[in-house]
Amino acid sequence: MSEVTLPLVEVSVRERPAFIAFTLRLIREKPLGAFGGAIFVLFLFFGLFADFLIPYGVNETNLRVRLEGPSADHLFGTDHLGRDVLSRVLIGAQLSMTIGFIAAGLATIISIVLGVLSGYFGGKVDMLIQRFVDAWMCFPDLLFLMVVISIIGAGVPQIVMALSLIYGIAGSRIVRGSVISVRENMHTHAARCMGAKTMHILVRHILPNIMPVVIVLFTTRVGAAILTEAGLSFLGLGVPPPTPTWGGMLSGTGRTYMYMGPWLALAPGLCLTIVVYAINVYGDALRDLLDPRMRGSR
Amino acid sequence: MAMSEPVIETSAPLLTIEGLKVHFPVTKGFFLQKQIGSIKAVDGVSFELRRGETFGLVGESGCGKSTTALAILRMLTLTAGRIVFEGSDITNYTEDQMRPIRQRMQMVYQDPYGSLNPRMRVRHIIGEPLAVHGVNRRSDRYRKRVDELIDLVGLLPDMADRYPHEFSGGQRQRIGIARALALAPSLLICDEPVSALDVSIQAQVINLLTDLQAELGLTILFIAHDLSIVRHISDRVGVMYLGRIVETASRDELFDHPKHPYTQALLNAVPVPDPEVESRREEILIQGEVPSVRNPPAGCHFHPRCPVAVPQCRLQAPALLPTAKGAMVSCHLVHSGEGVARVHGGAWGQSKGSE
């Protein structure tokens, strides 16, 4: 090696596509979170294909096999009308996942709109929106839901709407915080300085940089929405019977026949627990991995 | 409109600032926000930039250098003053009127990390000014211009599709410079462009700036607190203290014959890289701390720390007046004949060893 040249530029190795690289990092650094993510995806799959997976009709009764325990024919047993619990849990998963996803999705959109308006434009707009959010957060969630449902009636669209409002408005605070921090970044300043219009700054600078927060907000809201929907159904304010819901199954047959057929409560109860737990650990892992300050620490 | 105007005679300055003031209100209260005072970040600054020159603006932290830069770019609300750029008075331009002007003046930032969007590829960071001013991101013109700029600032073509976190500080600063040059501006405002870099990289970036200036005929407003860099790069230098300019002069005049006591002290604070000279030379120490900009001293802002202050300094703010050698100094003593001698006389020497 006779010549020594000072490299003006460092050559860096090209990275794998972001999504695959991120998944690998998730598995390596946050195995529990990856496990949660896998379960989440599994339930999503159950929910999407429930119609094809169910071994029996949801409301198909067979009085000869009432309240039978788990067996090869009925993996999760049957209820007091001889309906297959597995089929009902799967259809319940469909409903829970649908409500969870749509409500969380709408909530995230509401959070982004309110948070960006409040955080980016600041001043009087911020003041007005934030005092409204303060007032809103004073109401207990369940109370608001019960009021809404008793006025406009129970049903999937109503529940989704009410849930997305509750979580969307509360979540706007989190979005606002990160919008403010991104707005103060110098690259946003540079964009304004070169004459960029507000829309350009929002789309190219603000939104991409608040995505980590938004993703985490979304995943945690899915879990919360599923849980709240189950709570509503448990109280009899959810989707009306005979549509099977996890909360409805718990409160109806599950509670009544708890001693004669514990599987009736265990099947939907465990599903609910597992899904919400999985989503929460997944969301936690995402938050840790997407936060640059947490890099390197476990 | 600004683009199609005939070229103004070359002797006219590119940028003239007159009596620029930027005051930030200090408010108290929650609902009825009462103004209880103001921070006079920039308080009557005037200077001009001639075409093709580098004007260094120095001063300690918090003296209003960066605020001046932001005010020129019309990124702050001006309290008073006038800004004339390329012959047009842009002081009261609306944001829409400013848009074509923004093509002509661009900024290079201090922080090479925060000033690049971490979620944009380098190609689009550099091309962003083009996109903002209506060049399609998928057009040939866009791609060609970005490639040209990447080459111009000494980066490699295959770096265009990477993200900022893959680059070192010096490389990021090159990206920032390329972005600032995308629209071929006539004025480049560099706000401490090298203070976040280590020394060997500083030299590379400074040399890049001087090369680019020679090649593109840029006018540069160079803000820094590192005097050796300012001396290296500037044609003329302005010294700021507490929101005011205390002295402007050509580089050699300022560094060889500083007139204002503050300039003298500032230059004296630079260590000499020779231990023998360093041990023998006179030491000038400024006593005390920089007063608060919320409540600056009356008269000359520097008088509480000035070793040669006279009663007049407490009462009356000195005007920035020309001296014999084309410099502008704001000091009562320099302008009254006997004062110059006094400033250069023993007064500074007496403070030696008083610490």
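## Working through a predicted two-chain model

Start with the centrepiece of chain B: 8 of its strands make an open sheet, ordered 6-7-8-3-9-10-12-11, with mixed pairing. Strands here are DSSP runs of E at least two residues long, helices are runs of H or I of at least four, and both are numbered from the N terminus. Two strands pair if DSSP finds at least two bridges between them.

A word on ground rules: this is a predicted model, where local features need pLDDT of at least 70 and side-chain atom pairs count only at pLDDT 80 or more, while totals for chains, interfaces and linings use all residues. Residues are numbered from 1 along each chain as its sequence is written, and chains are lettered from A and ligands numbered from 1 in the order in which they are written.

### Exercise 1. The edges of the mixed sheet

Find which strands of chain B stand at the edges of this sheet.

*Solution.* Look at the two ends of the order 6-7-8-3-9-10-12-11. Strand 6 (105-108) and strand 11 (321-322) of chain B each have a single partner strand, so one side of each has no neighbour in the sheet.

### Exercise 2. The surroundings of strand 3

Work out which strands pair with strand 3 of chain B, and how its residues are covered.

*Solution.*
1. On one flank, strand 3 (residues 54-58) of chain B runs parallel to strand 9 (residues 236-241) of chain B, over 4 bridges. B:V58 has B:V239 as its bridge partner there, and B:L57 stands opposite B:G238.
2. Strand 8 (residues 219-224) of chain B is also parallel to strand 3, joined by 5 bridges. Here B:V58 faces B:A224.
3. Now check burial. A residue is buried if 20 or more other C-beta atoms lie within 10 Å of its own, exposed if 12 or fewer, and partly exposed in between, with C-beta atoms placed from the backbone. For strand 3 of chain B, 5 of the 5 residues are buried, so the rest of the structure largely encloses this strand.
4. Sort them by face: B:T54, B:G56 and B:V58 lie on one side, B:F55 and B:L57 on the other. That fits the usual pattern, as side chains in a regular strand alternate between the two faces of the sheet.

### Exercise 3. From strand 9 to strand 12

Follow the pairing from strand 9 through strand 10 to strand 12 of chain B.

*Solution.*
1. Strand 9 and strand 10 of chain B pair antiparallel over 6 bridges, with B:M240 opposite B:I245.
2. These two strands make a hairpin with 2 residues in between, and B:L242 in the turn has a positive phi of about 50 degrees.
3. Strand 10 (residues 244-250) of chain B has 6 of its 7 residues buried, so it too is largely enclosed by the rest of the structure.
4. Moving on, strand 10 of chain B pairs antiparallel with strand 12 (residues 328-329) of chain B over 2 bridges, and the partner of B:E247 is B:V329.

### Exercise 4. The other sheet

Describe the 4-stranded open sheet of chain B and the helix that lies across three of its strands.

*Solution.*
1. The order is 2-1-4-5 and the pairing is antiparallel.
2. Strand 2 (34-49) and strand 5 (88-89) of chain B are the edge strands, pairing on one side only.
3. Strand 4 (residues 80-85) and strand 5 of chain B share 2 antiparallel bridges; one matches B:V84 with B:D89.
4. Helix 1 (residues 65-72) of chain B lies across strand 1 (15-28), strand 2 and strand 4, at about 110 degrees to strand 1. The angle, from 0 to 180 degrees, is between N-to-C directions of axes fitted to C-alpha atoms, for helices over the stretch in contact.

### Exercise 5. Where the chains meet

Count the residues in contact between chains A and B, and say which helix of chain A gives the largest share of its side.

*Solution.*
1. Two residues are in contact if their C-beta atoms, placed from the backbone, lie within 7 Å. By that test, 19 residues of chain A touch 25 residues of chain B.
2. Helix 8 (186-193) and helix 9 (198-234) of chain A each give two or more residues to chain A's side.
3. Helix 8 of chain A supplies the largest share, 6 residues.
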